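The following report describes the architecture of a single protein chain, beginning with its sheets and the helices that cover them. Please consult the sequence and the model while reading.

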Amino acid sequence: MADHLDLHTVGDLLHHYPRRYAERGELTRLSDLPLDEHVTVVAQVADARVHTFNGGRGRRLEVTITDGSGRLQLVFFGKGVHKPRSELQPGTRAMFAGKVSVFNRKRQLAHPEFKTLGAESGAEAVEAFAHQLLPLYPACKQMESWQIQQAIDTVLGPAGHEEAALAGLIDPLPDSLREGRGLATLPEALRKIHRPATKTDIALARDRLKWDEAFVLQVALARRRRADAQLPAAPRKPVPDGLLTAFDARLPFTLTEGQRRVSEEIFADLATDHPMHRLLQGEVGSGKTMVALRAMLGVVDAGGQAAMLAPTEVLAQQHHRSITEMMGELASWGLWREAPPQKGGGGRREGMLGGAEQGTKVVLLTGSMGAAARRQALLDLVTGEAGIVIGTHALIEDKVQFHDLGLVVVDEQHRFGVEQRDALRSKGKQPPHLLVMTATPIPRTVAMTVFGDLETSVLDQLPAGRSPIASHVVPAKDKPHFLTRAWERVREEVAAGHQGYVVCPRIGDDAGDEGDASKGAASPSPEDEAEKRPPLAVVEVAEQLTKGPLSDLRVEVLHGRMQPEAKDDVMRRFAAGEVDVLVATTVIEVGVNVPNATAMVIMDADRFGVSQLHQLRGRVGRGSAAGLCLLVTEMPEASPARARLGAVAATLDGFELSRIDLEQRREGDVLGQAQSGVRSSLRVLAVIDDEEVIAAAREEAAAIVADDPELTGYPELRTALDALLDKEREEYLDKG
């Protein structure tokens with residue numbers, strides 16, 4: 001039990017709650033038995049006999065029962081024969097509960113539960129047996145639910161005497177909070193969750209136990225926020241008429257109201273003497289990069305350096321390209337008219353030959369760079385010559401040193417483990433400010449639970465000029481002519497001067513690569529398993545398209561195993577309009593910005609998660625022309641996979657889709673590996689449904705931590721925190 005279910009102590013066992021409850025069922029006459037349903041019957045044993053089979057090695061007990069309205073056969077096998085054989089003698093009256101099945105065209109109950117009735121047993125005993133709630137526990141092959149129930153029954157002792165077993169429990173909820181919110185005591189909640197008499201008992205118990213989980217976690221996060229607020233950081237205030245002012249002056253458009261509001265929140269944080277910890281959520285294409293760039297320029301203005309961490313080389317190169325394009329001559333690459341400024345001047349430079357009055361060097365650092373370029377980039381960082389660096393995890397390596405790191409921007413937070421973020425933050429002389437960006441919309445409850453130590457900003461409006469995206473499901477198996485029409489639509493978009501993407505779940509030689517959709521998708525559905533067809537691959541699909549429906553178009557491939565120079569070359573030519581259709585893996589999922597691309601066909605769309613489909617779709621409709629996204633699937637119409645695709649096609653609201661995603665997948669998949677501590681500590685709390693509990697627990701936790709940061713007056717709460725913050729979870733909370 002310890003190894004398979006991670007249950008090591010009596011406390012672990014008591015906090016291993018039932019997943020659901022079964023009722024034995026309404027009392028049913030034998031003549032009215034419904035097939036495949038759980039029933040309870042009261043009947044008399046007519047006869048019982050043991051049959052042997054398999055050369056005498058196997059035994060089967062067959063019992064015939066009758067209630068006057070009909071007859072029914074019960075069967076018991078193997079070791080399960082002994083008890084019923086001794087207790088179910090002909091003439092015995094008993095209650096039987098089980099699921100009705102058919103064998104040899106006769107209805108039967110296999111291995112039913114039963115309880116014999118004495119002469120004095122009346123209708124009351126029968127009703128109690130029929131309506132008893134039976135807890136079903138999360139189990140495994142080595143430990144069945146009923147064995148777990150037996151172990152818990154042993155710990156709790158006889159019914160009605162559980163108090164003695166539960167007396168020594170540590171209750172993390174302060175009495176005033178528990179009483180004020182009308183919650184059950186912990187012993188009462190544990191008794192009712194494991195031995196409920198009614199459904200009301202279950203509801204009362206779950207309400208109380210949800211509070212335990214939400215409150216202890218929110219106290220941990222509140223203490224983390226408080227500790228962060230005590231850390232020293234250099235305030236980074238942009239100088240008037242500096243680099244940021246020059247950048248804003250050359251923008252060809254005005255910022256959206258959302259961008260202005262979020263920028264103000266960020267600059268207010270950067271001006272304080274403790275580190276900013278902010279999560280910036282924004283729909284695909286809402287202009288997060290612009291907000292992050294302005295923050296980086298403000299830090300460079302203030303004499304510091306800014307680093308942007310991207311999850312893939314393609315994305316790092318894309319960011320580098322788009323940021324230098326946005327900055328224009330302010331991303332200085334030329335010669336200096338005089339020696340670089342003295343120490344402390346940070347990354348800002350003036351008086352560049354042939355350049356702007358203000359400027360800063362923007363360098364790229366990735367693992368595949370040539371030795372000379374890499375040496376130069378490292379030198380630019382350590383001397384402060386480069387104000388802005390954009391890179392992959394190569395930025396985290398020991399040899400990378402900064403002159404004065406003031407701001408770390410992490411793009412696509414869900415791709416990075418906590419350790420990677422922390423390693424980059426440790427490169428500052430004192431803790432740098434941290435801005436975490438994600439285009440995966442996170443419902444408010446998840447943000448409060450998983451990123452509870454980060455302040456949250458949301459960009460919820462798209463910049464002017466963005467076009468709507470029409471999305472449709474293409475059922476390739478049911479209606480092959482729909483797929484033919486999909487390729488015609490791609491050709492029409494190209495004929496109109498636009499470009500398109502075709503996305504596939506994998507590369508081609510095997511599925512274990514960064515383009516494998518299964519890494520970000522929901523678990524394989526039964527339909528996937530039944531189909532057993534390998535997911536479509538970039539290399540094969542590209543070949544079929546060039547020989548078939550897109551034969552006269554310029555088709556190129558892009559995937560994670562290509563050499564960096566080759567990837568960059570393909571992306572550059574696609575951005576320049578020299579490629580009509582790009583057949584790619586999910587390597588294009590984030591950050592790729594080609595406004596002229598209007599069509600996307602996602603092959604085997606059912607193999608991707610909801611949020612991932614939404615991310616991919618965000619690559620089209622980025623210019624003035626409307627976008628089109630076609631979700632191709634072979635899943636049958638009534639399947640859950642088709643329903644999921646229908647939901648994606650029906651709305652462009654990422655927050656609505658992330659809610660659907662959470663409801664359809666195990667929460668752990670959505671919370672991700674970096675948050676495994678939070679995930680494994682939640683048993684009854686559902687982050688999507690229990691918004692009110694989480695919000696209220698956050699308020700209560702903040703008040704208690706503000707009043708008593710060390711929790712001196714709450715020893716039980718401290719003990720519960722220590723239990724929550726084992727090594728793994730402590731690392732998550734410390735570094736998050």
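Strand S13 is joined to strand S14 (residues 386–391) by five bridges, and the two run parallel. Within this pair, Val 363 has Val 389 of S14 as its bridge partner. Helices and strands are named here as DSSP runs numbered from the N terminus, with helices being H or I runs of at least four residues and strands being E runs of at least two. Two strands are taken to pair if DSSP finds at least two bridges between them.

The model is predicted, so that local features need pLDDT of at least 70 and side-chain atom pairs count only at pLDDT 80 or more, whereas totals for chains, interfaces and linings use all residues. Residues are numbered from 1 along each chain as its sequence is written, and side-chain values use heavy atoms, with hydrogens and water left out.

**The seven-stranded sheet**

The S13–S14 pair belongs to an open sheet of seven strands, ordered S13-S14-S10-S15-S16-S9-S17, with parallel pairing. Strand S13 (361–365) and strand S17 (455–459) are at the edges with a single partner strand each, so one side of each has no neighbour in the sheet. From one strand to the next, the twist averages 20°.

Helix H11 (residues 257–270) lies across strand S9 (277–282), strand S15 (405–411), strand S16 (433–438) and S17, and runs at about 160° to S17. Axes are lines fitted to C-alpha atoms, for helices over the stretch in contact, and angles run from 0 to 180 degrees between N-to-C directions. H11 also packs against helix H12 (residues 288–301): their axes come within 10 Å and cross at roughly 30°. On the H11 side, the contact (heavy atoms within 4.5 Å) includes Val 262, Ile 266, Phe 267 and Leu 270, and on the H12 side it includes Met 290, Val 291, Ala 295 and Val 299.

**The six-stranded sheet**

Another open sheet has six strands in the order S18-S23-S22-S19-S21-S20, with parallel pairing. Its edge strands are strand S18 (469–475) and strand S20 (555–558), each of which pairs on one side only. The twist in this sheet averages 20° from one strand to the next. Five bridges link strand S19 (residues 499–503) to strand S22 (residues 597–602) in the parallel sense, and Val 502 has Val 601 of S22 as its bridge partner.

Two helices that lie across this sheet can be described. Helix H20 (residues 564–575) lies across S19, S20, strand S21 (581–584) and S22, at about 135° to S20. H21 lies across S18, S19, S22 and strand S23 (627–633), at about 150° to S22. Helix H21 (residues 610–617) packs in turn with helix H22 (residues 640–650) at an angle of about 40°, the axes being 10 Å apart. In this packing, Val 610, Leu 613 and Arg 617 of H21 meet Arg 644, Leu 645, Val 648 and Ala 649 of H22.

**Nonpolar cores**

A nonpolar core is a set of buried Ala, Val, Leu, Ile, Met, Phe, Trp, Tyr and Cys residues joined through side-chain atoms within 4.5 Å. Buried means under 20% relative accessible area, exposed over 50%, and partly exposed in between, with a 1.4 Å probe and protein chains only. The largest such core has 53 residues, of which Trp 211, Phe 215 and Phe 402 touch the most other members. Helix H9 (residues 199–230) makes the greatest contribution to this core, nine residues. Beyond its neighbours within four places in sequence, Trp 211 contacts residues including Leu 173, Leu 177, Val 693 and Glu 700. A separate core of 38 residues includes Leu 244, Ala 292, Ala 310 and Leu 330.

**Individual residues**

Two residues have positive phi although neither is a glycine; the table gives their values.

| Residue | Phi | Location | Relative accessible area |
|---|---|---|---|
| His 111 | about 50° | loop between strand S6 (106–110) and strand S7 (113–116) | 41%, partly exposed |
| Asp 241 | about 55° | loop between H9 and H10 | 59%, exposed |

Asp 248, in helix H10 (residues 243–249), is partly exposed with a relative accessible area of 29%. Asp 248 is 79 residues from Met 327 in sequence and 9.5 Å from Met 327 in space, C-alpha to C-alpha.

**The chain as a whole**

The chain contains 28 helices and 23 strands. Of its 736 residues, 53% count as buried. Among contacts between residues at least 6 apart in sequence, 75% join residues at least 24 apart.
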